[in-house]
Amino acid sequence: MSIIAPGFSQPVEHSQSCFRQVLKALSEPGHIVTLDKHLGFAPLCASATQILMSLCDQHTPLYLSPRLEEIDGDATINQAQRNLTFHCNTKPSALVNADFAVVSHSEGVNMAKLKCGTDTSPESGTTLLVQSNGFDRGPEFKLTGPGIEHSRTVQLGNLSQSLVEYLINPCHTYPLGIDILLCHQQQLLAISRTTKVELIPCM
Amino acid sequence: MQSFNQIVSATEPEQDYNFGYLDEQTKRMIRRAILKGVALPGYQVAFGGREMPMPYGWGTGGIMLSASILGQDDVFKVIDQGADDTTNAVSIRQFFAKVCHLETTTETAKASVIQTRHRIPEQPLRNDQILVFQVPIPEPLRFIEPRETETKKMHSLGEYGSMQVKLYEDIVKYGYIATSYAYPVMVHGRYLMDPSPIPKFDNPKMHQSNALMLFGAGREKRIYCIPPYTDVASLDFEDHPFSIQQWQAPCSLCGSETSFLDEVLIDDQGQRMFVCSDTDYCQGQLAKNAAEEALHG
């Protein structure tokens, strides 16, 4: 028996303010924003939950990775899915069909299988949410591209080999690609498909 | 005896529109389109445009964008050809004051969201500001190739030679590139974009701009975006480099020599004067001049 948790206390205001934070994050990749309107449906973190609640509905197939359960042992992914289905009417989907997908930072993801858009409609690529374990750990990356004045140095947490490889050397060529939103607790950091990511070698 | 409706209206405040007029489902759809547009600078994202309480051509695309991004804390400014006091600007400002109950302003520096028709403010924008453009025809290739199926292919292949030919025809006919507004630009070196009918004078302001720029076309149902600090290059030729308009005389009101001037007829004899098109900038300059005069006697 699962219990439905409350969603946003002020749905109109809170989804607007969350959207503006996501807009800020994606238009300035590498800039960390805070989403503080909801505690999240475990095992999803607060920021990932708020992004999904403010942007998803019956038109956006959603994939939640079972590997997220490793982060929070008590909560099951089914519980989070039920809550999201109740609050935004999203339909669960396979990873290959998802418009929005949430995966764990340590997970190996076959990025080539995700939707990356088509030449005439590149906007149909997946928005991939990655639950990171903190923006103060892991290797340093240098970001350049639209939304970044000169360059930005960021840490993205301990990401799996497949995610790091995709960031540095994406298997899709622009304009095709996947937009990545890295979430940690209330924090969000985005890497757009236009962002050039370079690994800074350790000293 | 009071009717049920009378009791309800006595106890409840007047029930009006949802915040921002649009329903939440529509806002979410537009928000998703904006995010994809930001990830694909200059690319036109199709969206399900809604019927707005004003006709197409009055800025419905910009209004739908503003309605989807505005929040209670925003300060909203609307300009029409640079002016805060024209019919279009006043009615859109009143519309959002009514459906959002938010603060409006005419001062560029005070605004957090600026909706504009055909100008970019003279005062440099900040990183925390968003500029929303009203766009009549979003497709820069439309007058070269009327078929949407073909222009979509041209964008996907980056096949923009025909636009260079159009500018070249200008040179052959007039000796210079005569296109002076809606001057085509390349965004992030990939997508050809129509910057809406802003004068080419404003094109350089889009390059590496501090502010996020969103473009909305209501009739054509397209959204496109330029994130801050993005390369925006106006098309030109090595021997005919891009140049902006210049005027012989300064603004007749404030004396500015750097702003975009409008030609205004002032009598039946055909007398004319040139004044700043950006009314807020012009008033700011006038106030500055007055303060300096007072200081130096």
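What percentage of the 203 residues in chain A is buried? The share is 56%, where buried means under 20% relative accessible area, exposed means over 50%, and partly exposed lies in between (1.4 Å probe, protein chains only).

## Basis of the model

This is a predicted model, in which local features need pLDDT of at least 70 and side-chain atom pairs count only at pLDDT 80 or more, while totals for chains, interfaces and linings use all residues. Residues are numbered from 1 along each chain as its sequence is written, chains are lettered from A and ligands numbered from 1 in the order in which they are written, and side-chain values use heavy atoms, with hydrogens and water left out.

The pLDDT is the predictor's confidence in each residue, on a scale from 0 to 100. Chain A has an average of 94, and 98% of its residues score at least 70. Among the elements of chain A, the lowest mean pLDDT, 94, belongs to helix α3 (residues 77–88), and the highest, 98, to strand β1 (residues 33–34). Where pLDDT is low, the predicted coordinates should not be read in detail.

## Chain A: elements and overall form

Chain A contains four helices and nine strands. Helices (H or I, at least four residues) and strands (E, at least two) are DSSP runs, numbered from the N terminus. Read from the N terminus, the order in chain A is α-β-α-β-α-β-β-β-β-α-β-β-β.

The radius of gyration of chain A is 16 Å, which agrees with the value near 17 Å for a compact globule of 203 residues. That radius is taken over C-alpha atoms, and the globule rule is 2.2 Å times the number of residues to the power 0.38. Along the principal axes, the C-alpha atoms of chain A fill a box of roughly 50 × 35 × 30 Å. Of the contacts in chain A between residues at least 6 apart in sequence, 70% join residues at least 24 apart; a contact means heavy atoms within 4.5 Å.

## Chain A: surface and charge

The exposed area of chain A is about 8500 Å², with 52% of it supplied by carbon and sulfur atoms. Accessible areas come from the Shrake-Rupley method with a 1.4 Å probe, and for residues only the protein chains shown count as cover.

Chain A carries 13 positive and 18 negative charges, whose mean positions are 2 Å apart. Lys and Arg count as positive and Asp and Glu as negative, whereas His and the chain ends are not counted. Each charge is placed at NZ of Lys, CZ of Arg, CG of Asp or CD of Glu.

## Chain A: loops and cis peptide bonds

Two cis peptide bonds are described here. One runs from A:Ala42 to A:Pro43, with omega near 5°, and A:Pro43 sits in the loop between β1 and α2 (46–55). The other joins A:Tyr174 and A:Pro175, with omega about 5°; A:Pro175 is in the loop between α4 (161–168) and β7 (179–184).

A:Thr118 lies in the loop between β3 (100–104) and β4 (127–131) and is partly exposed at 42% relative accessibility. Beyond its neighbours within four places in sequence, A:Thr118 contacts A:Ser124 and A:Leu176. The C-alpha atoms of A:Thr118 and A:Gly177 are separated by 9.3 Å, although the two are 59 residues apart along the chain.

A:Arg67 belongs to the loop between β2 (62–64) and α3 and is partly exposed, at 31% relative accessibility. Outside its neighbours within four places in sequence, A:Arg67 touches A:Ser104, A:Ser106 and A:Glu107. A:Arg67 and A:Gly108 are 41 residues apart in sequence, with 10.0 Å between their C-alpha atoms.

## Chain B: overall form

Chain B has eight helices and 12 strands. Its radius of gyration is 21 Å, close to the 19 Å that the globule rule gives for 297 residues, so chain B is as compact as a globular protein of that length. The C-alpha trace of chain B spans about 85 × 65 × 40 Å along its principal axes.

In chain B, 52% of the 297 residues count as buried. For contacts with a separation of 6 or more, residues 24 or more positions apart account for 60%. The accessible surface of chain B is about 14300 Å², and carbon and sulfur atoms hold 52% of it. There are 27 positive and 38 negative side chains in chain B, and the centres of the two sets lie 8 Å apart.

## Chain B: positive phi values

B:Tyr21 is not a glycine but has a positive phi of about 70°. This residue is in the loop between α1 (4–11) and α2 (24–39) of chain B, and B:Tyr21 counts as partly exposed at 24% relative accessibility.

B:Gln81, also a residue other than glycine, has a positive phi near 55°. B:Gln81 is found in the loop between β2 (75–80) and α4 (87–100) of chain B, and its relative accessible area of 35% makes B:Gln81 partly exposed.
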